[in-house]
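Thank you all for coming; I would like to walk you through one structure this morning, beginning with its strands and then turning to charged pairs and a helix. Please have the sequence and the model in view as I go.

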Amino acid sequence: MEVRVGERLLCLAVLYSVFFVDSVQGKYVKGIVNTKEDWVFLTRFCFLTDFGRLDFRFRYPKSHCCQNILLYFDDSSQWPAVYKRPEKNCYQKEAVLRPENNQVINLTTRYTWSGCVVEGDGNEEVLSCVGGRSFRSVRERWWYIALSKCGGDGLRLEYEMKLTNGQSFWTQHFSADEFGILETDITFLVIFSMVFLLSCYFAYNLKGRQLLHTTYKMFMTAAGVEVFSLLFHCVYWGLYARDGVGNGSLKILGKLLFSVSFLVFLLMLILLGKGFTVTRARISHSGSVKLSIYMTVYTITYVILFIYEAEFFDPGEVLYAYDSPAGYGLMGLQLLAYVWFCYAVLVSLKHYPEKQPFYIPFFTTYTLWFFAVPVMALIANFGIPRWAREKIVNGIQLGIHLYAHIVFLIITRPSAANKNFPYHVRTSQIGILLSSPKGGEGTESFPHHAYGNSSFLGDSQPNFTELFSIQSEQVKTVEETVARKGPEVPRNSEQKIITTAADLTSILPPPPPPIPPRLATRSPPLPPRLPSFTEYFSMQSGGGGGGGGGFGTKA
């Protein structure tokens, strides 16, 4: 079953991420401001309690003097009180700052700490300001940097800023909410690589036993895509740790692969819940259409989420991907998928109760997985502090994915001791079952059989007796055979088939005339009796005439 529309949308999303990613990413930022407004936001950063540092270089025409750099922090009386508050003017936005905290940097020669000097630039004088500022607070805080010139004729400024936390490779360019992300991604990359390699080893064993089904291949695909997603994230964060900029395309591509892995794994769970490759050889046409529509809607919602995050997320606010209409839509689709999953598992258990050792742990463990994603999103939106959200959510999200992959790896391991193994029909038998001339809807279903792990007993010799055989229906009775293939036959008053009174003289040729018996003049001599083993080699023979004799028998 293919979802071609979803695949095309994913390809478009990949192209969008590669060619339309924002070039100003990271904590080494530079740019040019030229606006008629008197107050603008520049960037934000989460500094440590003692090691935060801002190094800057500003340059603007002296005729536009004097401009100010404003440093807000995340207290409710500071940044939230001024950002996106059109009722407040420039003076009111500056008034919330505390002069004793040195939150205003006047870009003039009169303010020593700004490091401003007058330079010539052709026929125009410019103010060039080079300096820095350290940040100390009682906890990690978000700091927001803005530019202002209240009551002026607009803002003109070339800026270049480097925001750091300490001097370590693992912390220098990272915002405090990003600490540990690189180490976490590297750890999970190693673990997921081991999971993928182990799944390849299991797949090799399953292929040798003709049990490598489509659903297991989907699991391997999800695990492999997850590995590539983590690889791109590690490369991005590694480059970011080196220069504070990184490559935004790698990060977006890693996010897309992460989403693809999630979608493939979700589709695999729904298919297994419906019994695909476990109790049936194929999904019905109506089921395929429903799955195609659902996965297409899910993929479109994911694409909308990426576009919404790239185009509409305000850099002046600390937002989470699920804190958006598209994010809430994804949570709703996740819950809808769980309802579908429950219904599919219950139907499969109703028709195949012998599969309980697989479906009961399968349903229990993945119920937790289905609810983990929406619960995590809600906790991230409302329960985790914004200065710690990104690193905590990153670890929880990867842990949820690892849990799902390890559970599936355990319950499908090809071992005789695995009582939860789901497959019992071999891949070579599926083609025979589907191409059966008996037809009908029933050909979708597998014969009832408890488990396929019996084939793992005595692995020294392959089991060729069941390689190309499949018991698809019960042995038919005489009446069923006659009703299906034979002509109308007479029945008695009790509706039983009459088998001894049929008149066959009209359809059978006349019997040959009897051969007269040959009279024997003398009986043949008896053969000599063997001293032993007579009962093993004795044979009864009919004699002729009155002197009929024969080979001896032992009663």
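The bridge partner of L71 in strand β8 is I145, and I should say at once that we are looking at a predicted model. That pair belongs to a longer run of contacts, since six bridges join strand β4, residues 68–73, to strand β8, residues 141–148, and the two strands run antiparallel. If we step back from this pair of strands, we find an open sheet of four, ordered β2-β8-β4-β5, with antiparallel pairing. At its edges are β2, covering 39–47, and β5, covering 104–106, each of which pairs on one side only. From one strand to the next, the twist averages 20 degrees.

Let me move on to the salt bridges, of which a search of the whole structure finds nine. One of them brings us back to strand β8: R141 forms a salt bridge with D74, and their closest N and O atoms are 2.9 Å apart. This pair links distant parts of the chain, with R141 in strand β8 and D74 in the loop between β4 and α2, 67 residues apart. Are R141 and D74 buried or exposed? Both residues are buried. Salt bridges that share partners also draw R139 in, so that D74, R139 and R141 make up one network.

A second pair, R59 with E119, has its closest N and O atoms 3.0 Å apart. Here again distant parts of the chain are linked, because R59 lies in strand β3, residues 52–61, and E119 in strand β6, residues 116–121, with their positions 60 residues apart. As for their surroundings, R59 is partly exposed, with a relative accessible area of 26%, and E119 likewise counts as partly exposed, at 31% relative accessibility. A further salt bridge joins K149 to D153, the closest N and O atoms being 3.4 Å apart, and K149 counts as buried, at 10% relative accessibility.

Finally, I would like to turn to helix α4. This helix spans residues 181–208, 28 residues in total, and reaches 40 Å from its first C-alpha to its last, close to the 40 Å expected at 1.5 Å a residue. Its buried residues include I181, L182, D185, F188, L189 and F192, and, further along, V195, S199, F202, A203, N205 and L206. What covers these buried residues includes α5, residues 214–243, and α10, residues 389–411. Just after α4, Q210 takes a positive phi of about 60 degrees.

Technical notes. Residues are numbered from 1 along each chain as its sequence is written. This is a predicted model: local features need pLDDT of at least 70, side-chain atom pairs count only at pLDDT 80 or more; totals for chains, interfaces and linings use all residues. Side-chain values use heavy atoms; hydrogens and water are left out. The expected span of a helix is 1.5 Å times one less than its number of residues. Buried means under 20% relative accessible area, exposed over 50%, partly exposed in between (1.4 Å probe, protein chains only). Contact means heavy atoms within 4.5 Å. Two strands pair if DSSP finds at least two bridges between them. Axes are lines fitted to C-alpha atoms, for helices over the stretch in contact, and angles run from 0 to 180 degrees between N-to-C directions. A salt bridge is a side-chain nitrogen of Lys or Arg within 4 Å of a carboxyl oxygen of Asp or Glu.
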